[in-house]
Amino acid sequence: MFEKTTVKLTAVYLSIMMAISIFFSLNLYRVSVHEFNRTLQLETVAIQRLPNWRLDVEARNQLLQERQASFAGAKTHLLGQLLLVNIVIFAGGGLVCYYLARRTLEPIEESHQALERFTGDASHELRTPVAAMRTEIEVSLMNPKLTLKQAKQQLQSNLEELGRLTSLVEGLLRLASLDNKALPKESVLLGSVIKEAIAHNKPLAKDKKISLEYKSTTKAKVHGNKESLVEVLNILLDNAIKYSSKNSAVVIGLKTANKQAKLTISDEGIGMNPSEAEHIFERFYRADEARSKHQAEGYGLGLAIAQDIIVLHGGQISVSTKPQKGSTFSVTLPL
Ligand code: ADP
C-alpha cells in the first residue's frame with residue numbers, strides 16, 4: 001500500500017516540477033523567437049537599404065536567404081536544448097521526487113506499523129485468556145461428576161482471569177484516552193504527589209518487607225494534572241516493588257535544577273540489560289526476566305502510560321539499570 005502511495009506522490013511531485021519547467025521553457029522559447037524575429041527584421045531592412053553599387057540583387061537575395069536560414073537553425077537549436085534540459089529534469093527530478101515522497105511517507109508508515117503491532121498485541125492478549133477460560137468452563141460442564149468444590153475452584157480461577165482482563169482493558173482505555181488529549185492542569189506540589197503514591201503502595205511494599213524511603217523537603221511545584229502524576233508514581237513504585245526481592249529498599253528522590261524538577265525512583269531489584277531497557281516504554285513490551293523467571297503479573301502497558309502522561313506534561317522519562325543490581329527511573333518535569 002505504501003509503495004503505491006509513494007509512486008502516486010512521486011507522480012504528483014514530478015507533475016508539479018515538470019509543469020513549472022515546461023512553463024519556463026515555453027516562455028523562454030517564445031521570448032527568444034520574438035527577439036530572433038525582431039533582429040531578422042532589422043537585418044533584412046538594413047540589407048535592403050544597402051545601395052545597389054555595393055550589393056547587386058542576386059547577392060542581396062542570397063544574403064537574405066542565408067540570414068533566414070541561420071535564424072531558423074538557431075530556433076531549432078534552442079528548441080533541441082530546451083527539450084534536452086526538460087528530459088534531464090524529468091529523469092533527475094523523478095529520482096529526487098521519489099526520495100522526497102519516501103521521506104514524506106516514512107513517519108506515516110512507521111506509525112501505521114506501530115498501530116498494526118499494537119492492535120495485533122492487544123487482540124492476542126485479549127483472545128488468549130478468553131479462549132483459556134472458555135475451554136476450562138467447557139471441560140467443567142462436560143464433567144458429570146463435577147463437585148461443588150471443583151466448581152467453586154473453577155469460578156475462582158475465572159474470577160482471577162477476569163480481574164486480569166479488566167486491568168488489561170483499563171490499561172488499553174487509559175492509553176486511548178491519553179492519545180492527543182490535553183489534560184486539565186493546575187499548580188501541583190510534587191511532594192504531595194509522592195506522599196500520595198507512597199501511601200498507596202505501602203501495603204504492597206509491606207508484604208515484601210520493602211522499605212519506601214523519601215527524604216526530600218523540596219517544595220517544587222509543577223503545572224500539571226495531579227491525578228495523572230500520582231498514576232505515574234504508582235506505576236513506577238509498583239514496578240520497583242514488583243521487580244525487587246524481599247527485604248530491599250526503594251528510594252524516592254526529588255531535586256530541582258535549571259527550572260526543572262527531577263524525580264528519581266531507585267530499586268535494588270532484578271534490573272535489565274541495555275537491549276531490554278531500550279524497549280520498556282513500548283506498549284506490551286516485557287523483558288524476559290519479568291515475563292518468564294520472575295513471573296510478575298503485568299501486560300507491559302504501565303510504562304507506556306507513564307511515558308504518555310509525562311510527555312503530555314512536557315517532561316521526559318528515562319531509566320538507567322544494571323542486571324541484578326537494580327534500576328533508577330528518572331522523570332524530569334518543567335517547573
Ligand atoms: P509490566 O510491569 O506490567 O510488565 P511495564 O510497562 O510497567 O509493564 O514495564 C515493562 C517492563 O519493564 C516490565 O515487564 C519489566 O520487564 C521492565 N521493568 C519495569 N520496571 C522495572 C524495574 N523497576 N526493574 C526491572 N525491570 C523493570
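A polar contact is a pair of N or O atoms within 3.5 Å. Keep that cut-off handy for the exercises below, and remember that the model you're looking at is a predicted one.

**Exercise 1. Polar contacts with the ligand**

Find out which atoms of the ligand pair up with the side chains of N239, R286 and S327, and check each pair against the cut-off.

Solution.
- Step 1: Start with N239. An N or O atom in the N239 side chain is 2.8 Å from an oxygen atom of the ligand.
- Step 2: Go on to R286. Here a polar side-chain atom is 2.5 Å away from a ligand oxygen atom.
- Step 3: Now take S327. This time the partner is a nitrogen atom of the ligand, and a polar side-chain atom of S327 lies 3.4 Å from that nitrogen.
- Step 4: Check the cut-off. A pair of N or O atoms has to be within 3.5 Å, so the 2.8 Å of N239 passes, and so do the 2.5 Å of R286 and the 3.4 Å of S327.

**Exercise 2. The ligand's surroundings**

Work out where the ligand sits, how much of its area the protein covers, and what kinds of residues make up the shell.

Solution.
- Step 1: Look for the site. The largest pocket is where the ligand sits.
- Step 2: Look at the cover. On its own the ligand has 530 Å² of accessible area, and the protein covers 97% of that.
- Step 3: Pick out the neighbours. There are 21 residues around the ligand, and N239, Y243, D267, R286 and L303 come nearest.
- Step 4: Sort the shell by type. You get 12 nonpolar residues, six polar ones and three charged ones.
- Step 5: Trace the shell back to elements. Those giving two or more residues are α5 (226-242), α8 (302-312) and β7 (326-334). Of these, α5 gives the most, with three residues.

**Exercise 3. Two loop residues with positive phi**

Say what is unusual about phi in K259 and Q324, and decide whether each is buried or exposed.

Solution.
- Step 1: Recall the general trend. Most residues other than glycine have a negative phi.
- Step 2: Read off the angles. K259 isn't a glycine, yet its phi is positive, near 60°. Q324 isn't a glycine either, and its phi is positive at about 65°.
- Step 3: Place them. K259 is in the loop between β4 (249-257) and β5 (260-266), while Q324 is in the loop between β6 (316-322) and β7.
- Step 4: Use the cut-off. Exposed means over 50% relative accessible area. K259 has 71%, so K259 is exposed. Q324 has 53%, so Q324 is exposed.

**Exercise 4. Helix residues, along the chain and in space**

For D121, E136 and L165, name the helix, judge the exposure, and set a separation in sequence beside one in space.

Solution.
- Step 1: Find the helices. D121 belongs to α2 (residues 57-142), and E136 is in α2. L165 is part of α3 (residues 148-178).
- Step 2: Judge exposure. Buried means under 20%, and partly exposed falls between that and the 50% limit. D121, at 32%, is therefore partly exposed. E136 has 30%, so E136 is partly exposed. L165 has 10%, so L165 is buried.
- Step 3: Compare the C-alpha distances.

| Pair | Apart in sequence | C-alpha distance |
|---|---|---|
| D121 and Y285 | 164 residues | 9.7 Å |
| E136 and Q154 | 18 residues | 7.6 Å |
| L165 and L141 | 24 residues | 22 Å |

Terms used
Residues are numbered from 1 along each chain as its sequence is written. This is a predicted model: local features need pLDDT of at least 70, side-chain atom pairs count only at pLDDT 80 or more; totals for chains, interfaces and linings use all residues. Side-chain values use heavy atoms; hydrogens and water are left out. A residue is near a molecule or strand if one of its heavy atoms lies within 4 Å of it. A polar contact is a pair of N or O atoms within 3.5 Å; within protein, one must be able to donate a hydrogen and the other to accept it, and residues adjacent in sequence count only if both atoms are side-chain atoms. Accessible areas come from the Shrake-Rupley method with a 1.4 Å probe; for residues, only the protein chains shown count as cover. On a 1 Å grid over the protein atoms alone, a cavity is a set of points where a 1.4 Å probe fits but cannot get out, and a pocket is an open set with protein on both sides within 12 Å along at least five of seven lines; lining residues have an atom within 4 Å of a point. A molecule sits in a cavity or pocket if more than half of its atoms lie within 2 Å of its grid points. Helices (H or I, at least four residues) and strands (E, at least two) are DSSP runs, numbered from the N terminus. Ala, Val, Leu, Ile, Met, Phe, Trp, Tyr, Cys and Pro count as nonpolar, Asp, Glu, Lys and Arg as charged, and the others, Gly among them, as polar. Buried means under 20% relative accessible area, exposed over 50%, partly exposed in between (1.4 Å probe, protein chains only).
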